[in-house]
Amino acid sequence: MVHGPHGENWVLTNAHAVDYATNIQLKKRWDKRRWDAKVLAIGRDPDIALLTVEDPGFWEGAAFATFGELPSARDSVTVVGFPLGGDTISATAGIVSRIEVVPYSFSSRALLALQIDAAINPGNSGGPVLNDRGECVGLAFQAIVPSEAQSVGYVVPTPVIFHFLDDIKTNGTFTGFPSLGVQTQRMEADALQQAYKVPVGQGGVLVRKVYPVGSAAGQLQEGDVLQRFDGTEIAPDGTVPFRTSERISMTHIITMKFVGENATLDVLRNGEPAQLNVTMKPPSPLVPFHLEGEDPPYLIVGGLLFDVLSVPYLFSEYGQDYPTKAPVGLLEQLRFGVKNTSDEQVVVLNRVLSSDATTGYEDFSNIQSDNVQLLRFQGKPVVSLAQLAAAVADAAKDEFMTFGMDQDEVIVLESSVVPNGTAEVLQAHAIPSPMSRDLLESLGAQPPVQAADKAAAP
């Protein structure tokens, strides 16, 4: 429980504890009642959610947390929560092992985190981590499984929490942690520095790729040597000064900016110094790690069920081991794919549902085939599911609809048979619409009335 900037009564927890929840209830340790709560904001990047309870009775006798400073290595901490193994509150003690930038498992964003050796188990999520003075220095949020390491847990630290809260205070909602939108390489080799004309004694990292829709697009160039970010010197190993005598990944100072803020970049370009100004944007990956609370998009064409590649899609179709079970082509897009336009997506063939239009194409599915990515329709590149939906509507007058798949395979449907095939599939599988609501809206069509809407009608 924390106070907002104007005295608001809030509850902080992890985003993964409430994401896609339809009903959230809170229970105080000393109280037998459950209280209905609602989400005020959710940040999937830092794995933080902000809740409140409108009933004032919930806040009676509440003890609100006070935040402490970022601890140092070997400082003592206590993790409080309700992990597996019992129903009562649990407290585990340990020390801070490391303070560094690590990937957050819920978002894959690299942000500042505390590594501690106190036990963090399922059920600890969102629980406070306290210092010796009883001040909250972070939220427990993830751990390395015991089969891989012993007593390695991670904490969302106060700088990340404050960034989340300040973002909401300033913008009224969570806008995200920004990214520079570049791929860089360390320059620790003397020969590499000489090749790019870096003066002796100076640092910097080599810009290997500039993402077309990233913050630095149109400013940084491949081959630039990025030497300073907002005046902070970047070492050849990609680190920057941190506190008094520490160093940390330069990612930290980039992500601590706010979306919409300006940043100054000092670079060497062909050996000549230059200063650039960029406006910070959130990352826009080709394969999103989350659906941001929205329903999954889909399009059905005569029984061909098309979807958009995302991490939730991979997890749903291939399970927790999707990094080893999903087709290599999809994993390559996940790891290395870059957007060329803001609306670009990877469209995949999820299933072939049986109909008169799809007879003979039963082997095309994400389970039985590796060639599931749709590359072309009617000979033209497919850049998004919305573009495909519009193109399919325009192709109704053509004799055939031709879908160019990965590995140069082709699916051809008779256009005249597609409408009946789609209707047949919708009826057989009790699907209310041939496409998701977002696609219907993009085409200007009326979304189907849901059961809840009917019940609310007079």
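Here is a chat about how some labels on this predicted model were earned.

User: Why is Ser108 called partly exposed?

Analyst: Its relative accessible area is 45%. Buried means under 20% and exposed means over 50%, so Ser108, at 45%, lands in between and gets the middle label. Ser108 sits in the loop between β7 (90-103) and β8 (110-116), and has a positive phi of about 65 degrees although it is not a glycine.

User: And what makes Arg243 partly exposed?

Analyst: Here the relative accessible area is 35%. That is also between the 20% and 50% cut-offs, so partly exposed it is. You'll find Arg243 in the loop between β16 (239-242) and β17 (246-249). Arg243 isn't a glycine either, yet its phi is positive, about 55 degrees.

User: How do you know that the buried residues of α8 are on the same side?

Analyst: Start with who they are: in α8 (residues 418-428), the buried ones are Val418, Gly421, Thr422, Val425 and Leu426. They cover an arc of only 135 degrees around the axis, so they sit on the same side of α8. The spacing idea helps too: an α-helix has 3.6 residues a turn, so residues three or four places apart point the same way. On the other side of α8, Pro419, Asn420, Gln427 and Ala428 are exposed.

User: What do the buried residues of α8 pack against?

Analyst: Against β20, β25 (400-405) and β26 (410-414). Just after α8 comes Ala430, with a positive phi of about 55 degrees.

User: What makes β20 and β21 a pair?

Analyst: Pairing takes at least two bridges. Four bridges join β20 to β21 (residues 304-308), so the two strands count as paired, and they run antiparallel. Within that pairing, Leu299 stands opposite Phe306 in β21.

User: Why are β20 and β22 called edge strands?

Analyst: The open sheet has three strands in the order β20-β21-β22, with antiparallel pairing. β20 (298-301) and β22 (347-352) each pair on one side only, and that's what earns them the edge label. Helix α4 (residues 311-318) packs on this sheet, touching β21 and β22, and its direction makes about 25 degrees with that of β22.

User: Which residues touch the most other members of the largest nonpolar core?

Analyst: Leu180 and Leu220, out of 59 residues in that core. Leaving out residues up to four places away in sequence, the contacts of Leu180 include Leu220, Leu226, Phe229, Ile254 and Met280. A second, separate core has 27 residues, among them Val352, Phe364, Val392 and Ala395.

Conventions: Residues numbered from 1 in each chain as written. Predicted model: local features only at pLDDT ≥ 70, side-chain atom pairs only at ≥ 80, totals over all residues. Heavy atoms only, no water. Core = buried A, V, L, I, M, F, W, Y, C linked by side-chain atoms within 4.5 Å. Buried < 20%, exposed > 50% of the residue type's maximum accessible area, 1.4 Å probe, protein only. Contact = heavy atoms within 4.5 Å. Axes fitted to C-alpha atoms, helices over the stretch in contact; angles between N-to-C directions. Arc of directions from axis to C-beta.
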